[in-house]
Amino acid sequence: MEQSRIAHSIGIALDRFIKNNQEQFQYASGELSQLLRDIALASKVVNREVNKAGLIDIMGALGSQNSGGDEQQKLDVLANIRFTRALTKGGEVCALISEESESFVDLNNEGKYMIAIDPLDGSSNIDVNVSIGTIFSIYRRKSPTGTPIREEDILQKGSEQVASGYILYGSSTMLVYTTGHGVNGFTYEPTLGEYFLSHPDLKMPEEGKIFSVNEGPANSFPAAVKQYVQYCKDKETYIARYIGSLVADFHRNMLKGGIYIYPANSHNPKGKLRLMYECNALAFIAEQAGGKATDGKIRILDIQPTTLHQRTPFYVGSLRMVEKAESFC
Ligand code: AHM
Ligand code: MG
């Protein structure tokens, strides 16, 4: 395997890391670097909102408004506004697709990149003080800049991502991303307002012991999934862990070794998770860290999307565990 040339000094600030490694980007024009900085900046604002989420009712009761004079809004809507604003101001993005918007948002015809984003994932955990996350995918547009956005710019396969990442708002806030040269994780230092490299060249253990699946709807899982889940339970060394926030479950499994599954069930015949702004980004990171992501049969990054909000069954995590799960399908 080609040796990664990315400089990995623990403690280096994100901005400097991006600058030092700019030549690693497929298109080293500096715009992708700026785009990553815009995302990091918006995430700091969202992090601030997430951290004071518990106070919103108290402040709301006092009739307070935020600094912009806006009414207090639900956190996921607020996060969508923060990221959209940051990406609009940056000017590098031609179009954005988001879990929060029905159709794509046309931002700037001169922009070279298309972004797919879930601004705040883990909706059931937002109001209860449990870890949540932001997930993003970056694509290069296919049509020439200056022309109207076309469907081919939007509906790209995951294998065409030029970068992807996530922000985990957990006991610490972390930003983890890849540009196709390995995966690096940065931890946020809130008093300095800066991300610092804490997890250089992240590798997912090839084997693991953790299986993460919501077994609530297990009665309506496909037979193969039922069998695989039973296989996991029969393995005495395996343990079950499920937060219900994709980023948090994925991140834990990436560090400790494990598999995350969201299969089809009777409520969600194609699974629950969205291909374009949940699964593709994490699939790219998993593969870059030595793991694997599939819908049970097809590599996630090879699925051709046909609609923005398309759902897919999702199996992601340690290579051997995902291979085993796939063998049941
Ligand atoms: P959301 O986009 O409404 O937040 O749904 C996605 C979330 C994932 O973060 C999580 O893994 C999954 O839904 C949990 O679903 P469930 O509550 O059905 O287990
Ligand atoms: Mg989501």
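Residues 59-70 are a good place to be careful: in this predicted model their pLDDT stays under 50. For this stretch the model has eight contacts beyond four places in sequence. Where pLDDT is low, the predicted coordinates should not be read in detail. For the chain as a whole, pLDDT averages 90, and 90% of the residues score at least 70.

**The sheet and its helices**

Now let's look at the sheet. Eight strands form an open sheet with mixed pairing, in the order β2-β1-β3-β4-β5-β6-β7-β8. Which strands stand at the edges? They are β2 (105-106) and β8 (194-199), and each has a single partner strand, so one side of each is left without a neighbour in the sheet.

Further in, β4 (residues 132-140) pairs with β5 (residues 161-169) in the antiparallel sense, over eight bridges. You can find one of the partnerships by locating Ile-132, whose bridge partner in β5 is Tyr-169.

Helix α9 (residues 275-288) packs on this sheet, where it touches β1 (93-98), β3, β4, β5, β6 and β7 (183-189). The direction of α9 makes about 100° with that of β5. Helix α8 (residues 246-256) lies across β3 (113-121), β4, β5, β6 (173-178) and β8. Helix α8 also runs at about 100° to β5.

**The magnesium ion**

Which residues supply the protein donors of the magnesium ion (ligand 2)? They are Glu-99 (OE), Asp-118 (OD), Asp-121 (OD) and Glu-278 (OE), lying 2.0 to 2.4 Å from the ion. Along the sequence, these donor residues follow the spacing E-x18-D-x2-D-x156-E.

Are these aspartates buried or exposed? Asp-118 has a relative accessible area of 0%, so it counts as buried. Asp-121 is buried too, with a value of 8%. The donor Glu-278 is likewise buried, at 1%.

**Salt bridges**

Side chains of opposite charge can pair when their charged atoms come close. In this model the count comes to 16 salt bridges. Here are some of them, with the distance between N and O atoms:

| Acidic residue | Basic residue | N to O distance |
|---|---|---|
| Asp-15 | Arg-37 | 3.7 Å |
| Asp-249 | Arg-252 | 3.1 Å |
| Glu-278 | Arg-274 | 3.4 Å |

The pair of Asp-15 and Arg-37 links distant parts of the chain, with Asp-15 in helix α1 (residues 14-20) and Arg-37 in helix α2 (residues 31-51), 22 residues apart. Asp-15 has a relative accessibility of 37%, so it counts as partly exposed.

Asp-249 and Arg-252 both belong to helix α8, where they sit three residues apart, about one turn of the helix. Both of these residues are buried.

The salt bridge between Arg-274 and Glu-278 brings us back to a magnesium donor, Glu-278. Arg-274 is buried, with a relative accessible area of 12%. Salt bridges with shared partners join Glu-99, Arg-274 and Glu-278 into one network.

**A proline in a loop**

Finally, follow the chain to Pro-313, in the loop between β12 (292-294) and β13 (314-317). Pro-313 counts as buried because its relative accessibility is 18%, and the cut-off for buried is under 20%. Leaving aside residues up to four places away in sequence, Pro-313 touches several residues, including Tyr-262, Pro-263, Lys-270 and Ile-300. Pro-119 and Pro-313 are 194 residues apart in sequence, and their C-alpha atoms are 21 Å apart in space.

How values were computed:
Residues are numbered from 1 along each chain as its sequence is written. Chains are lettered from A and ligands numbered from 1 in the order in which they are written. This is a predicted model: local features need pLDDT of at least 70, side-chain atom pairs count only at pLDDT 80 or more; totals for chains, interfaces and linings use all residues. Side-chain values use heavy atoms; hydrogens and water are left out. Two strands pair if DSSP finds at least two bridges between them. Helices (H or I, at least four residues) and strands (E, at least two) are DSSP runs, numbered from the N terminus. Contact means heavy atoms within 4.5 Å. Axes are lines fitted to C-alpha atoms, for helices over the stretch in contact, and angles run from 0 to 180 degrees between N-to-C directions. pLDDT is the predictor's confidence in each residue, from 0 to 100. Donors are N, O and S atoms within 2.8 Å of the metal (3.2 Å for Na, K and Ca); water is not among the atoms, so sites may look incomplete. Buried means under 20% relative accessible area, exposed over 50%, partly exposed in between (1.4 Å probe, protein chains only). A salt bridge is a side-chain nitrogen of Lys or Arg within 4 Å of a carboxyl oxygen of Asp or Glu.
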